Amino acid sequence: MTLADLLYRSLIIGAAATALLDLWQIALNRLFGFGLPNWALVGRWVGHLPGGTFAHDDIGQSSPVSGELAIGWVFHYAVGIAFALATLLIGGAPWAKNPALLLPLVVGLVTVGCGWFILQPCLGAGIAASRKPDATRIRLLNIAGHVVFGFGLWLAAVAIK
């Protein structure tokens with residue numbers, strides 16, 4: 001697999017899997033009333049990084065950043081593309097030519113840790129949303145969402161093989 005092919009596949013697979021995750025979250029919102037992710041707060045976190053602030057007590061109380069919603073959405077999709085790249089690097093050309101479901105499901109489940117141990121604590125929610133009153137529900141939704149994302153990685157890889 002050439003570098004151009006690797007980057008192309010990462011972009012398409014990652015964006016498609018992230019879009020599927022977004023559709024999943026919209027469906028949960030419309031069917032069950034679950035809240036949608038606030039990508040502006042993630043953008044606010046990213047926007048504070050160049051100033052040296054990595055963690056916040058409560059990102060909602062931190063000063064807003066210009067363009068934070070757009071920053072958050074771009075970051076969300078960039079992370080999805082990076083996870084697709086990781087999947088392709090782990091699976092290599094054999095996986096890209098014949099995508100099996102197990103690898104992207106494992107990647108999806110493993111990447112829950114990025115949210116639990118990096119993003120949520122840095123936003124002030126604690127490890128695995130432990131500072132939130134509905135932490136168990138958040139954790140279950142995180143796991144389900146990352147399984148959907150993993151399924152999306154596989155589905156997109158099958159579609160472009």
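**Close-up views of a predicted six-helix model**

**View 1. Trp24 and its surroundings.** Trp24 is partly exposed, with a relative accessible area of 31%, a value that lies between the 20% under which a residue counts as buried and the 50% over which a residue counts as exposed. In this predicted model, Trp24 belongs to helix H1, and, when residues up to four places away in sequence are not counted, Trp24 touches Ala144, Gly145 and Val148. Trp24 and Val148 stand 124 residues apart along the chain, yet their C-alpha atoms are separated by 7.5 Å. Of the residues that Trp24 touches, Gly145 and Val148 are listed among the buried residues of H6.

**View 2. Asp22, a buried acidic residue without a salt bridge.** Asp22 is found in helix H1, which covers residues 3-32. The side chain is of interest for its charge: Asp22 is buried yet has no salt bridge, and the nearest side chain of opposite charge, that of Arg30, is 13 Å away. Once neighbours within four places in sequence are left aside, Asp22 is in contact with Trp73, His76 and Tyr77, and one of these, His76, is among the buried residues of H3.

**View 3. Helix H3 and its kink at Gly91.** Helix H3, residues 68-97, spans only 38 Å between its end C-alpha atoms, whereas a straight helix of 30 residues would span 44 Å at 1.5 Å a residue. A kink of about 100° lies at Gly91, shortly before the proline Pro94. Gly91 is itself one of the buried residues of H3, which also include Glu68, Gly72, Gly80, Phe83, Thr87 and Trp95. What covers the buried residues of H3 includes H1, helix H2 (39-48), helix H4 (102-110), helix H5 (112-123) and helix H6 (135-160).

**View 4. Helix H6 and its buried residues.** H6 has 26 residues and reaches 37 Å from its first C-alpha to its last, which is close to the 38 Å expected at 1.5 Å a residue. Its buried residues include Ala135, Ile138, Asn142, His146, Phe149, Gly152, Leu153 and Ala156, and the buried residues of H6 pack against H1, H3, H4 and H5. An α-helix has 3.6 residues a turn, so residues three or four places apart point the same way.

**View 5. Two alanines with positive phi in the loop between H5 and H6****.** Most residues other than glycine have a negative phi. Ala128, placed in the loop between H5 and H6, has a phi near 50°, a positive value in a residue other than glycine. Ala129, also placed in the loop between H5 and H6, has a positive phi of about 60° although it is not a glycine. Ala128 counts as buried at 8% relative accessibility, and Ala129 is likewise buried, with a relative accessible area of 1%.

**View 6. The whole chain, as context for the close-ups.** The protein has six helices and zero strands, and from the N terminus on its elements run α-α-α-α-α-α. The radius of gyration is 16 Å, close to the 15 Å that the globule rule gives for 161 residues, so the protein is as compact as a globular protein of that length. Along its principal axes the C-alpha trace spans about 45 × 35 × 25 Å, and buried residues make up 40% of the 161 residues. Among the contacts with a separation of 6 or more, residues 24 or more positions apart account for 68%.

Note on methods: Residues numbered from 1 in each chain as written. Predicted model: local features only at pLDDT ≥ 70, side-chain atom pairs only at ≥ 80, totals over all residues. Heavy atoms only, no water. Helix = DSSP H or I, 4+ residues; strand = E, 2+ residues; numbered from the N terminus. Buried < 20%, exposed > 50% of the residue type's maximum accessible area, 1.4 Å probe, protein only. Lys, Arg positive; Asp, Glu negative; His and termini not counted. Salt bridge = Lys/Arg side-chain N within 4 Å of Asp/Glu carboxyl O. Contact = heavy atoms within 4.5 Å. Expected span 1.5 Å × (residues − 1). Bend = angle between axes of the 7 residues up to and from the residue. Rg over C-alpha atoms; globule rule 2.2 N^0.38 Å.
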